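Please look over this structure before reading the points below. They are meant for someone who has not seen it before.

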Amino acid sequence: MTVDHAPPDAAAPPERATPPQRATPAEGASPPERAIPHDGVATRSPGPVLEPVVPVTTRRGGLRSVPRWVRRTVGPLTLLVLWQVLSATGVLSPDTLASPGTVARAGAGLIGDGTLPSAMSISLQRVALGLLIGGAAGIALALLSGLSRLGEDLIDATVQMLRTVPWVGLIPLFIIWLGIGEAPKVALIALGVAFHLYLNVYAGIRGVDAQLVEAGQALGLGRWGLVRHVVLPGALPGAMTGLRYSLATAWLALVFGESVNADDGIGFLMNQAREFFRTDVIVVCLVVYAFLGLLADVAVRTLERLLLQWRPTFTGQ
């Protein structure tokens with residue numbers, strides 16, 4: 001009797017040996033360094049070459065490498081050279097516009113005999129007095145209107161209505177009301193200054209972030225504490241902008257004011273030169289106006305840098 005042996009179907013086949021898997025580096029990890037044989041000694045491969053980072057501003061060349069004060073003088077010097085060339089070639093006749101040399105000699109003569117310094121002193125006094133009166137009125141009205149809704153209802157509409165009236169057209173009324181002395185000249189300057197300061201200070205007060213006011217209230221600040229520590233500092237940039245506009249308007253109003261029966265000042269020199277067709281003296285007076293206006297603007301910019309150090313701003317690239 002034979003016994004049939006069943007084939008080993010149920011037996012599992014032997015498992016194949018799988019090669020070990022290489023560990024993959026984690027994301028962001030640098031790959032391992034390979035050992036490179038060199039004369040029988042294993043050395044490490046050199047790492048990536050690092051290049052120094054050079055700022056963009058230092059890589060720019062050309063005009064950007066020239067000092068700023070030199071670049072700022074390019075425009076005026078170009079205009080002066082063009083003026084001299086046109087005068088020397090006869091394109092500009094002396095009756096139309098005097099040459100730069102003639103203007104320089106006229107200015108030196110006015111300075112030498114004391115006429116120009118005296119006129120500048122009188123004009124500066126008028127501008128300072130008008131700026132003081134108009135600035136005080138404009139800031140006071142802006143504070144009353146900006147800090148109080150009742151003040152806004154009583155003041156803002158009236159100021160906005162008067163602002164649309166050409167203030168130069170009020171010269172005849174000022175002459176009738178105040179005479180032909182210093183009062184109408186100062187009043188004209190003060191009027192132009194007050195409107196600019198009112199608009200910018202009022203806009204600065206109403207432009208303060210409401211979240212800053214809420215934060216101040218949460219810290220326990222009262223009404224006057226909010227005004228002192230939150231509202232007024234927030235409105236200061238607008239006030240500085242209004243001051244710059246006011247100074248420009250003050251010099252413009254001075255030109256119109258000194259044309260009204262003036263017997264001294266820069267405007268008086270211009271009117272006198274117009275009667276004798278002295279274009280050189282007229283240009284000297286215009287240059288003085290421009291120079292004084294530039295000095296006033298530089299003074300306001302310096303004041304801005306001192307008072308607004310807490311507010312970083314974009315200065316160009």
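The points cover confidence and then one helix with its surroundings.

1. This is a predicted model, in which local features need pLDDT of at least 70, side-chain atom pairs count only at pLDDT 80 or more, and totals for chains, interfaces and linings use all residues. Residues are numbered from 1 along each chain as its sequence is written, and side-chain values use heavy atoms, without hydrogens or water.

2. The protein chain has a mean pLDDT (the predictor's confidence in each residue, from 0 to 100) of 80, with 79% of its residues at 70 or more. Residues 1-14 have pLDDT below 50, and this stretch has zero contacts (heavy atoms within 4.5 Å) beyond near neighbours in sequence. Over residues 25-30 pLDDT also stays under 50, with zero contacts beyond four places in sequence.

3. Helix α12 (helices are DSSP runs of H or I, at least four residues, numbered from the N terminus) covers residues 279-307. Its 29 residues should span 42 Å at 1.5 Å a residue (taken times one less than the number of residues), and the end C-alpha atoms are 42 Å apart, which agrees.

4. Which residues of α12 are buried? Among them are Thr279, Asp280, Cys285, Tyr289, Val300 and Glu304, where buried means under 20% relative accessible area with a 1.4 Å probe, protein chains only. Their cover includes α3 (74-88), α4 (100-112), α5 (115-147), α10 and α11 (266-275).

5. The axes (lines fitted to C-alpha atoms over the stretch in contact, with angles from 0 to 180 degrees between N-to-C directions) of α10 (residues 223-257) and α12 come within 10 Å and cross at roughly 170°. The two helices are therefore roughly antiparallel (over 145 degrees). Contact residues include Leu236 and Trp251 of α10 and Leu292 and Asp297 of α12.

Notes. Angles under 35 degrees count as roughly parallel, over 145 as roughly antiparallel, 65 to 115 as roughly perpendicular and the rest as oblique. Buried means under 20% relative accessible area, exposed over 50%, partly exposed in between (1.4 Å probe, protein chains only).
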